[in-house]
Amino acid sequence: MSQPALVVEHLAKRFDRKTALEDLSFTLDAGEIVGLIGPNGAGKSTAFGILCGLMRPDAGAMRYRGAPLGRDRGRIVSLIPETPDVYPLLTVWEHLVFAAHLCGLADGWEARAQTLLARMDMLEHRAVLGSELSKGMRQKTLVAATILAETPVLLLDEPMIGLDPLGQRGLRDVLRDLRAGGTAIMLSTHQLEAAEALCDRVVILNKGRAVAGGTIEEMHALGAGTLEDVFLEITRP
Ligand SMILES: Nc1ncnc2c1ncn2[C@@H]1O[C@H](COP(=O)(O)OP(=O)(O)OP(=O)(O)O)[C@@H](O)[C@H]1O
Ligand SMILES: [Mg+2]
């Protein structure tokens, strides 16, 4: 069997006296969507921050196709963060131009950028400044600018929050297409019904540890009921 695209082993992270990640291990394969689910404070955003290089772990290893994730991980991992912070003085389109230049994208990215904006229902807002966007529009702008880079690993931290129903559907469709193209996708969410519909697998994180995980069918088999029932049972305080 081929090795998983991304292997994360024994990640640990403390902030002063608070332990954010105790011992987090999981794998992520090319062509799958995995849901990282866990209560508030479980460590999801910390894990994503470490994976994309925004923070250093205190311990643990992260490998992509067998090689440690290093300083060049920007070509491998991209993150759509929890808070949609955009550049106030750049327009929507300029965010995509910026991403294309930053990532050194090959000629022809403009057509893909246009398509992404259309799929996120943002074409008519392409000339609007970041400072004048609504929260959902900021989120859609970041989604389009991040996905444009087409990194093989894509992390999304609660990406559906703030998106209108059309935007949520557009993003789901984009993610399914990326999965079909072989992208390894992990997203955190508190919307467990949506996770059931979209994810191939979930990893349940509680107090900085992966306490359960498996395919949606395997999670259902763990208890009688929905993913939400199983989740609440497992993470009960
Ligand atoms: N910069 C920080 N300084 C101190 N503690 C932090 C910091 N960032 C996170 N923490 C703590 O680390 C733990 C994990 O936080 P994290 O943001 O990773 O949780 P989360 O699973 O993303 O939660 P949520 O569902 O609310 O987004 C929490 O106890 C939090 O208080
Ligand atoms: Mg978070």
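Which loop does D121 lie in? Keep that residue in mind; the tour comes back to it near the end. One thing to know before you start clicking: this is a predicted model.

**Stop 1: the whole chain**

Show everything as a cartoon and colour by secondary structure. You should find 8 helices and 10 strands. The radius of gyration is 18 Å, close to the 18 Å that the globule rule gives for 237 residues, so the chain is as compact as a globular protein of that length. Along the principal axes, the C-alpha atoms fill a box of roughly 50 × 40 × 40 Å.

Now switch to colouring by burial, if your viewer can do it. Buried residues make up 40% of the 237 residues. For a feel of how the fold is wired, draw a contact map: of the contacts with a separation of 6 or more, 71% join residues 24 or more positions apart.

**Stop 2: two domains**

Select 1–76 together with 153–237 and give them one colour; the assignment calls this domain 1. Then select 86–150, which is domain 2. If you place a marker at each C-alpha centre, the two markers will be 24 Å apart. Where the domains touch, domain 1 contributes 10 residues to the contact and domain 2 contributes 9 residues. On the domain 1 side, those residues divide into 5 nonpolar, 3 polar and 2 charged.

**Stop 3: around ligand 1**

Centre the view on ligand 1 and show its neighbours as sticks: F15, K18, A20, G38, N40, G41, A42, G43, K44, S45, T46 and E82. What classes of residue make up this shell? There are 3 nonpolar, 6 polar and 3 charged residues.

Next, colour the shell by the element each residue belongs to. Both β2 (18–28) and α1 (44–51) supply at least two residues. The largest share, 3 residues, comes from α1.

**Stop 4: helix α1**

Stay here and select 44–51. Is α1 mostly covered or mostly open? Mostly covered: 8 of its 8 residues are buried. To check them off in the viewer, step through K44, S45, T46, A47, F48, G49, I50 and L51. As you leave the helix, pause at G53 just after it, where phi is positive at about 90°.

**Stop 5: the β1 and β2 hairpin**

Select residues 6–15 for strand β1 and add β2. The two pair in the antiparallel sense over 7 bridges. For one rung of that ladder, show L11, whose bridge partner in β2 is L24. This hairpin has 2 residues between its strands, and D16 takes a positive phi near 50°.

Still in β1, pick out H10. Its phi is positive, about 55°, although H10 is not a glycine. Most residues other than glycine have a negative phi. H10 is partly exposed, with 13 other C-beta atoms within 10 Å.

**Stop 6: strand β9 and its neighbours**

Select 201–206. This is β9, a mostly covered strand in which 6 of its 6 residues are buried. Turn on the side chains and look along the strand: R201, V203 and L205 point one way, while V202, I204 and N206 point the other way, and all are buried.

Then bring in the partners:

- Add residues 32–37, strand β3, which pairs with β9 in the parallel sense over 4 bridges. G35 stands opposite V202 here.
- Add residues 209–215, strand β10, which pairs with β9 in the antiparallel sense over 6 bridges. V202 stands opposite G214 in β10.

V202 is a handy residue to label, as it stands opposite G35 and also opposite G214. Between β9 and β10 the hairpin leaves 2 residues, and K207 in the turn has a positive phi of about 50°.

**Stop 7: back to D121**

Finally, return to the residue from the opening. D121 lies in the loop between α3 (109–119) and α4 (135–147). Check its backbone: D121 is a residue other than glycine, yet its phi is positive, near 60°. How exposed is D121? D121 is partly exposed, with 17 other C-beta atoms within 10 Å.

Notes:
Residues are numbered from 1 along each chain as its sequence is written. Chains are lettered from A and ligands numbered from 1 in the order in which they are written. This is a predicted model: local features need pLDDT of at least 70, side-chain atom pairs count only at pLDDT 80 or more; totals for chains, interfaces and linings use all residues. A residue is near a molecule or strand if its C-beta atom, placed from the backbone, lies within 6 Å of it. Ala, Val, Leu, Ile, Met, Phe, Trp, Tyr, Cys and Pro count as nonpolar, Asp, Glu, Lys and Arg as charged, and the others, Gly among them, as polar. Two strands pair if DSSP finds at least two bridges between them. The radius of gyration is taken over C-alpha atoms; the globule rule is 2.2 Å times the number of residues to the power 0.38. A residue is buried if 20 or more other C-beta atoms lie within 10 Å of its own, exposed if 12 or fewer, and partly exposed in between; C-beta atoms are placed from the backbone. Two residues are in contact if their C-beta atoms, placed from the backbone, lie within 7 Å. Domain bounds come from an automatic or database domain assignment.
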